[in-house]
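Here are a few notes from going through this one, in the order I'd raise them over coffee. Have the sequence and the coordinates open while you read.

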Amino acid sequence: MTVNDSVQLQPAHYDVLAEIGNIGSGNAATALASLINAAVEIEIPVITLVDYEQIAQLLGGGDTSVICIFLELSGDLSGMILHVLKPDFANKLVNTFYPSKISTLKDISEMDLSVVSEMGNITSAAYVKALADMTGSFINISPPSAQTGTIEEVLTDSASRIPKLGNQVLFIDETLRVGDSQMDANMILLPTADSLKTLFERLNVTYE
């Protein structure tokens, strides 16, 4: 269920989001480098505010096959973080640990999902820490859970997990580089109807 609260962000909002992305990506790169014991570079992500109904189209269409990592948020800000990954991303990531060939969702093992989930957990924690530090908030994140399926399926599941989701979400484009491999992924912050307003109020940016 979503609540209709659509607004347009101003440049000041995006400046704040860019700073959160800058800090979060730096923290995430350091943490991932420790996990995989290799140099990791994460470009400063592009963060935009989009309507919930646009997510499927931005991710390639509702029938696109994906791996989704869910992490629920609670505390001063509530909602959910989704990491939406294509099989090619999982293949490149898993192969930094051990040889594997992941071409479709059917190729993914429980061990592969564990690796991808840990990546999502580390990346989310880095961004949430940046967000909490900048807003003076306490934000708790749940352990990650993974699901494979179509984009339509994972979005339906996410909407059922969190009551009173807002009508808009923060859509984050990420590009990671590990050695010669480039991996593109998306992270989506789905706040509850009140939490996005709370976020910008704590950042001293007017949100109406």
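In strand 10, which residue is the bridge partner of Leu170? Leu189 is the partner. Before going further, keep in mind that this is a predicted model.

1. Start with strand 9, since several of the points below come back to that element. Strand 9 covers residues 168-178 and is mostly covered, with 9 of its 11 residues buried. Its pairing with strand 10 (residues 181-191) is antiparallel and runs over 9 bridges; the Leu170 and Leu189 pair belongs here.

2. Now the turn in that hairpin. There are 2 residues between strand 9 and strand 10, and Gly179 has a positive phi near 65 degrees. Another positive phi is worth a look while you have the backbone up: Asn37, just after helix 1, sits at about 55 degrees.

3. Strand 9 has further partners. Strand 3 (residues 46-51) pairs with strand 9 in the antiparallel sense, over 6 bridges. Thr48 is a handy place to check the register, as this residue stands opposite Phe171 of strand 9. Strand 2 (residues 40-42) is also antiparallel to strand 9, with 3 bridges, and there Val40 faces Val178.

4. On to charges: how many salt bridges does a search of the whole structure find? The search comes up with 3. The one I'd look at first joins Glu43 to Arg177 through their side chains, at 2.5 Å from N to O. Glu43 is in the loop between strand 2 and strand 3 while Arg177 is in strand 9, so this pair ties together parts that lie 134 residues apart in sequence. As for cover, Glu43 is partly exposed at 32% relative accessibility, and Arg177 is partly exposed at 27%.

5. Next, a salt bridge inside a helix. The side chains of Asp88 and Lys92 meet at 3.4 Å, N to O. These two residues are 4 apart in helix 3 (residues 87-94), which means that about one helical turn separates them. Asp88 has a relative accessible area of 45% and is partly exposed; Lys92, at 28%, is partly exposed as well.

6. Helix 4 (residues 110-135) holds a pair with that kind of spacing: Asp133 and Lys129 are 4 residues apart, so about one helical turn lies between them. Their salt bridge has its closest N and O atoms 2.8 Å apart. Buried or exposed, where does Asp133 fall? Asp133 counts as exposed, with 55% relative accessibility, whereas Lys129 is partly exposed at 48%.

7. Helix 1 (residues 11-36) deserves a geometry check. With 26 residues at 1.5 Å a residue, the helix should span 38 Å, and the end C-alpha atoms are 36 Å apart, so the two values agree.

8. Last, what does helix 1 pack against? Its buried residues pack against strand 2, strand 3, helix 4, strand 9 and helix 6 (195-202). Among those buried residues are Val16, Leu17, Ile20, Leu32 and Ile36, along with Gly21, Gly24, Ala28 and Ala29. His13 and Ser25 are on the buried list too. That brings us back to strand 9, where 9 of the 11 residues are buried and which is one of the elements that the buried residues of helix 1 pack against.

Notes
Residues numbered from 1 in each chain as written. Predicted model: local features only at pLDDT ≥ 70, side-chain atom pairs only at ≥ 80, totals over all residues. Heavy atoms only, no water. Buried < 20%, exposed > 50% of the residue type's maximum accessible area, 1.4 Å probe, protein only. Pairing = 2+ DSSP bridges. Salt bridge = Lys/Arg side-chain N within 4 Å of Asp/Glu carboxyl O. Expected span 1.5 Å × (residues − 1). Contact = heavy atoms within 4.5 Å.
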